[in-house]
Amino acid sequence: MLSAIEIEKISHELRHVPVKKAACIEALKIVQQERRWVSDESVADIAAMLEMSAAEVDSVATFYNLIFRKPVGRHIILLCDSISCYVMGYTALRQRLHEILLIGYGQTTADERFTLLPNACLGTCDHAPALMIDEDLYRDLQPEDLEQILEKYH
Amino acid sequence: MERPLTQHIPDNGAALHLREYEAVGGYSALRKALRDMEPAQVSTLVKEANLKGRGGAGFATGMKWSFVPMNVPGPKYLIANADEMEPGTFKDRWLLEGNPHQLLEGMILASYAIQATDAFVFLRWAYKDAAREMRRAIADAYTAGYLGKNILGSAFSLEMQLHTGVGRYMCGEETALLNSLEGKRATPRAKPPFPQVSGLFGKPTIVNNVETLSWISHIVNNGEAWFKSLSYTADGGTKIYGVSGRVNKPGAWELPMGITMRELLEEHAGGMRNGYRFRGALPGGASTDFLTDAHLDVKMDFAGVAAAGSRLGTGTMVVLDDRTCPVGFVHNLEHFFAQESCGFCTPCREGLPWTEKILWSLENGTGEPSDLELLERHARLLGPGNTFCALAPGAMEPLQSALKYFREDFEQHIKEKKCPYAHHQH
Ligand SMILES: Cc1cc2nc3c(=O)[nH]c(=O)nc-3n(C[C@H](O)[C@H](O)[C@H](O)COP(=O)(O)O)c2cc1C
Ligand code: SF4
Ligand code: FES
């Protein structure tokens, strides 16, 4: 069931769009903000509220890589794997992250602290290699910087 | 050397806020246009300046606006494309974070020119600082009367919204962007009808790049002759160029349009790092053809780069050095394109993963001589005209040019059954 807050926020979005369907992405963003990820149940709830089929909502949800359809950790690490970061050695960062966190891409640490995901170019290529943790951008990285950075997140 | 777009951006990376923007002449172009100019005069001025779109394709902005049907009732839309997801590209970020009001003023003027009722900034998820600055700038512009009903006491009204995306490169393709703004999957639409006639929610819509729109207030204030005088070549204005890779000073600079690749690399990017040699570069992001050291004197404008067999694209260059494997480099690009394909049309959906797999096998020592021909065939079959949008042809540009300029590297991978580069990485 959608929470009162979710319903209120989605209703607010509905005031800005000419047809209910148009609020689909915003609704997914709202639910994810509240619950970290979007479950099958939430997909069905959004569908009911926007008068869409669950399959239609899911087709949108699964298209966008930053809508999570599986449970994720408390913090999301997005490691840039695009070209400038490739040239500047992002693979060494990936290796170090695997060593510290003991997880691969798409996995979550056992304590649910981190989920590790590759991400396309973060638009900071002059400071490659780069990654984001939640809303924070880290640039010009060396593998040995990572441990200290990760310590900031609980 | 004038740098109209970036000269007022504080060096410490902070944004120019409303008061500071007004203090350097901000919103004077809007006052002037609303007081002295008809909407059509703004369009005509932009057309005469011959401003070409900075989003990658270089389409003439005034011409694009002229396709919007005027004198029809109902909503019309103006969208700033701030999706900036082309790998190797980081120029719009500078303008979004540093001078948000310059973009807003350009958007309001463009909206006035086409008589738009609503404007949107379509911003990619990763640009958190830009989102904060744009949100504040929009709120401040409403408070100051530059947005909303009867702007500065005129008959013109405009509502503005910030939309932040949830990933996917395809959102930058202008018709896919419209679908995404409508809450749908970001797949492209058939053209015609063009968005200028039937765009967002079926209404006339203009989509322009951030750098393009940031020019409008300057052109309105200073005129077309001034705009043309900024450039070294026939394409007017300055351009925000960037360089990334193993150079001494990677970065972005606003420079006269038409600067040479050599000047950009050597004077601004500080040359190659010690121990690295220049082998080639993608001149304007991931979907442009390689240029090599034979092209260093190419003028970086639309015509100059095209004559050399590539495209100016976004003007942000990615450098390939002699210790990075060209096959690995192109594999990384094709991995990106295969992943970002929206899957709507078969050549791209099937062809890009196939291309990626062939490159992967070359890197891992299982490539075969026939693979080169297979790659060349893909470059042809996924080229312009064979797919539904420009993603796949763009993906083929670095591949086909790598096969041309770095062919011996591909052959060596096959012959030696391994990647010959020490810094072999995936
Ligand atoms: C796959 C793909 C991605 C694109 N991404 C962007 C982008 O992130 N930003 C952008 O301004 N244009 C992008 N474009 C180009 C737009 O479709 C469109 O041409 C541009 O926004 C028009 O603005 P302009 O005329 O001011 O250059 C992309 C095109 C394609 C095919
Ligand atoms: S070329 Fe690729 S991205 Fe474009 S419509 Fe076809 S499948 Fe989608
Ligand atoms: S390639 Fe990593 S930030 Fe652009």
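A residue counts as near a molecule if one of its heavy atoms lies within 4 Å of it, and strands here are DSSP runs of at least two residues, numbered from the N terminus. With that in hand, let us look at ligand 1. Strand 4 of chain B, residues 205-209, gives the most to the shell around ligand 1, with three residues.

This is a predicted model. Its scores are ipTM 0.97 and pTM 0.97. For chain B, the mean pLDDT is 96, and 99% of the residues reach 70 or more.

**Around ligand 1**

Ligand 1 has 18 residues around it, and those that come nearest are B:Gly55, B:Asn81, B:Asn208, B:Asn209 and B:Thr212. Sorted by class, this shell holds five nonpolar, seven polar and six charged residues. Oxygen atoms of ligand 1 also pair with polar backbone atoms of the protein, as the table shows.

| Ligand atom | Partner | Distance |
|---|---|---|
| oxygen of ligand 1 | polar backbone atom of B:Arg54 | 3.3 Å |
| oxygen of ligand 1 | polar backbone atom of B:Gly55 | 2.7 Å |
| oxygen of ligand 1 | polar backbone atom of B:Glu174 | 3.0 Å |

On its own, ligand 1 has 620 Å² of accessible area, and the protein covers 88% of that. B:Gly55 is worth a second look: it is among the nearest residues and also offers a backbone atom 2.7 Å from a ligand oxygen.

**Around ligand 2**

Now for the other ligand. Ligand 2 is surrounded by 13 residues, of which B:Cys342, B:Phe344, B:Cys345, B:Cys348 and B:Cys389 are the closest. Its shell has ten nonpolar and three polar residues, with no charged ones. The space that ligand 2 takes is the largest cavity.

Note on methods. Residues are numbered from 1 along each chain as its sequence is written. Chains are lettered from A and ligands numbered from 1 in the order in which they are written. This is a predicted model: local features need pLDDT of at least 70, side-chain atom pairs count only at pLDDT 80 or more; totals for chains, interfaces and linings use all residues. Side-chain values use heavy atoms; hydrogens and water are left out. On a 1 Å grid over the protein atoms alone, a cavity is a set of points where a 1.4 Å probe fits but cannot get out, and a pocket is an open set with protein on both sides within 12 Å along at least five of seven lines; lining residues have an atom within 4 Å of a point. A molecule sits in a cavity or pocket if more than half of its atoms lie within 2 Å of its grid points. Ala, Val, Leu, Ile, Met, Phe, Trp, Tyr, Cys and Pro count as nonpolar, Asp, Glu, Lys and Arg as charged, and the others, Gly among them, as polar. pLDDT is the predictor's confidence in each residue, from 0 to 100. A polar contact is a pair of N or O atoms within 3.5 Å; within protein, one must be able to donate a hydrogen and the other to accept it, and residues adjacent in sequence count only if both atoms are side-chain atoms. Accessible areas come from the Shrake-Rupley method with a 1.4 Å probe; for residues, only the protein chains shown count as cover. Helices (H or I, at least four residues) and strands (E, at least two) are DSSP runs, numbered from the N terminus.
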